[in-house]
Amino acid sequence: MGNEKLALLGGPKAVGQVEAEMFHWPIVTEEDEAAVLEVLRKGTMSGTDVTKKFEQEFADWLGMDYALGFNNGTNSLQAAMYGCEVGIGDEIICPSVTYWATALPAFSLGATVVFAEIDPVTLCIDPKDIEHRITERTKAIVVVHYLGHPADMDAIMEIAERHHIKVIEDVSHAQGGYYKGRRVGTIGDVGAMSLMAGKSFAIGEGGIFVTNNRDIYERAIALGHYERFNDSIQNEALRPHIGVPYGGYKYRMHQMSSAVGRVQLKEYDRRIGEIDKAMNYFWDQLADVPGIRAHRPDPGSGSTMGGWYATHGHYVAEELGGLSVSRFCEAVRAEGADASPGCNLPLHLHSLLHEVDVYGHGKPTVIANANRDVRQERGSLPVSEGIGAKVFGIPWFKHYRPEIIEQYVEAYRKVAANYKELLAEDSGNPGSVGGWNFFAGARR
Ligand SMILES: *Cc1c(COP(=O)(O)O)cnc(C)c1O
């Protein structure tokens, strides 16, 4: 074992036939199907009766006062920002390495984005790179529990409290995860997240946020929930203007999604518990293999990876003779196991963050209402810019089946053991490793 010829070079594959169920997600039962059919047959797709039940159950699950459903996670984040009074000329601080929806909704509120570095180990915003970026215009820090790993919330909350700014948690990768024994999404002022079909909490297009702050909740309702912007509103500034949505937006969740959400919630903790067991088993088996490291919090820290959305590992090329992550992944894929180089590309390098005039201000949107040039050039965030070559996507097991997982372990072990065979034909990484929307390579 481990010395057999690499499949890429004509040897046998490490992974045999594996049932699709091992990776299939979400798990849908007759109960999900019945819940959807009920909404469909009643014709209440556009109502809020099911959604309100889902919100209540979701809030109870996380021990929060309020949950508000949305038609997607992007809009839950925009509404969370509006709830935190992010407006014209304001700034948010967020990590550059994330999916665009963490940051870009700020633009439609007239605000702009200042990017901070990520920590190379957690891959989440680096608390040491936040404080010097705070100005009198900073309204919120948007934290992402990136690829399931909880961000360093203690340090972040301490900074935010000292500067009287809000913290928005983007929980789209980490629903149900823990940070030092507390659920992620419940630590900042508001926890917003996607629940779309590709995420670990998957209900179809949908999003939700949770908060204990009634003003954040009501401002979000005012922005895009017209039929709930009614007499129930307590906020004195909002009350005189109920009836039509401030944003001119309509953010209500589709009830076929909320119906699925109610059923999924019942099984969610148990199902991600099995994912956690499977993924930890995978990494434990690979603990002594050079070149690759788990992306997960220390066992026993009280922190977890939630549903391990978009599972990734760290890649240390120096331990494998400088072999590129691209070539490494190519060889692992030839063994029959998922492996894809990179993660999200750093947003601060995208041309939208430099030159596009989205709304016709006569200048780039990123500085349209700013009192200084916040644009960040290549070279300004070296960790974020270099991370693509140092991480790779791995299989996302949904079931704890050791004999199957061991085949995938063997695929990785075999490639690492035979890395020298791959050096000759290694043409290196492409100019950028990763993608704006999806992660490079196959995902399943
Ligand atoms: C998926 C995602 C979103 C956006 O959610 P949608 O439901 O797709 O609108 C926001 N932030 C992060 C980090 C995401 O991965």
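His-164 is exposed, with a relative accessible area of 73%; here exposed means over 50% relative accessible area, buried means under 20%, and partly exposed lies in between, using a 1.4 Å probe and protein chains only. You will find His-164 in the loop between α5 (153-163) and β5 (166-170). The names of such elements come from DSSP runs, numbered from the N terminus: helices are H or I runs of at least four residues, and strands are E runs of at least two. His-164 also has a positive phi of about 55°, although it is not a glycine.

Before going on, a word about the model. It is a predicted one, so local features need pLDDT of at least 70 and side-chain atom pairs count only at pLDDT 80 or more, while totals for chains, interfaces and linings use all residues. Residues are numbered from 1 along each chain as its sequence is written, and side-chain values use heavy atoms, with hydrogens and water left out.

Now turn to Trp-308, another residue that is not a glycine but has a positive phi of about 55°. Trp-308 belongs to the loop between β10 (292-294) and β11. Is Trp-308 buried or exposed? Trp-308 is buried, with a relative accessible area of 1%.

A little further along the chain comes Ala-317, in the loop between β11 (312-315) and α8 (325-334). Its relative accessibility is 16%, so Ala-317 counts as buried. Ala-317 touches Gly-322 and Leu-323, not counting residues up to four places away in sequence; contact here means heavy atoms within 4.5 Å. Phe-328 is 11 residues from Ala-317 in sequence, and their C-alpha atoms are 9.2 Å apart in space.

Ile-387 sits in the loop between α9 (382-386) and β14. With 4% relative accessibility, Ile-387 counts as buried. Which residues surround Ile-387, once its neighbours within four places in sequence are left aside? Ile-387 is in contact with Val-97, Ile-118, Pro-120, Leu-123 and Cys-343. Of that group, Cys-343 is 44 residues from Ile-387 in sequence and 7.9 Å away in space, C-alpha to C-alpha.

Next, let us look at how two helices meet. Helix α7 (residues 255-285) and helix α10 (residues 402-417) pack at an angle of about 40°, with their axes 9 Å apart. That angle makes α7 oblique to α10. The axes are lines fitted to C-alpha atoms, for helices over the stretch in contact, and angles run from 0 to 180 degrees between N-to-C directions. Angles under 35 degrees count as roughly parallel, over 145 as roughly antiparallel, 65 to 115 as roughly perpendicular, and the rest as oblique. The crossing of α7 and α10 is right-handed: the near helix is turned clockwise from the far one by less than a right angle, whereas an anticlockwise turn would be left-handed.

Which residues make this contact? From α7 come Ala-278, Tyr-281, Phe-282 and Gln-285, and they meet Pro-402, Ile-405, Glu-406, Tyr-408, Val-409, Tyr-412 and Arg-413 in α10. By class, the contact holds eight nonpolar, one polar and two charged residues. In this scheme Ala, Val, Leu, Ile, Met, Phe, Trp, Tyr, Cys and Pro count as nonpolar, Asp, Glu, Lys and Arg as charged, and the others, Gly among them, as polar.

Charged side chains bring us to salt bridges, each a side-chain nitrogen of Lys or Arg within 4 Å of a carboxyl oxygen of Asp or Glu. By this rule the count comes to 24. One of them joins Glu-21 and Arg-401 (3.1 Å, N to O). This pair links distant parts of the chain, 380 residues apart: Glu-21 is in the segment before α1 (30-42), and Arg-401 is in the loop between β14 (391-393) and α10. Glu-21 is partly exposed, at 44% relative accessible area.

Another salt bridge brings together Arg-133 and Asp-129 (2.9 Å, N to O). Arg-133 counts as buried at 15% relative accessibility, and Asp-129 counts as buried at 12%.

Helix α7 returns in the salt bridge between Asp-269 and Arg-183 (3.0 Å, N to O). Asp-269 lies in α7 and Arg-183 in strand β7 (residues 182-183), so this pair links distant parts of the chain, 86 residues apart. Asp-269 is partly exposed, with a relative accessible area of 34%, whereas Arg-183 counts as buried at 12% relative accessibility. Salt bridges that share partners also join Glu-19, Glu-21 and Arg-401 into one network.

Our last stop is Pro-26, in the segment before α1. A cis peptide bond joins Trp-25 and Pro-26, with omega about -5°.
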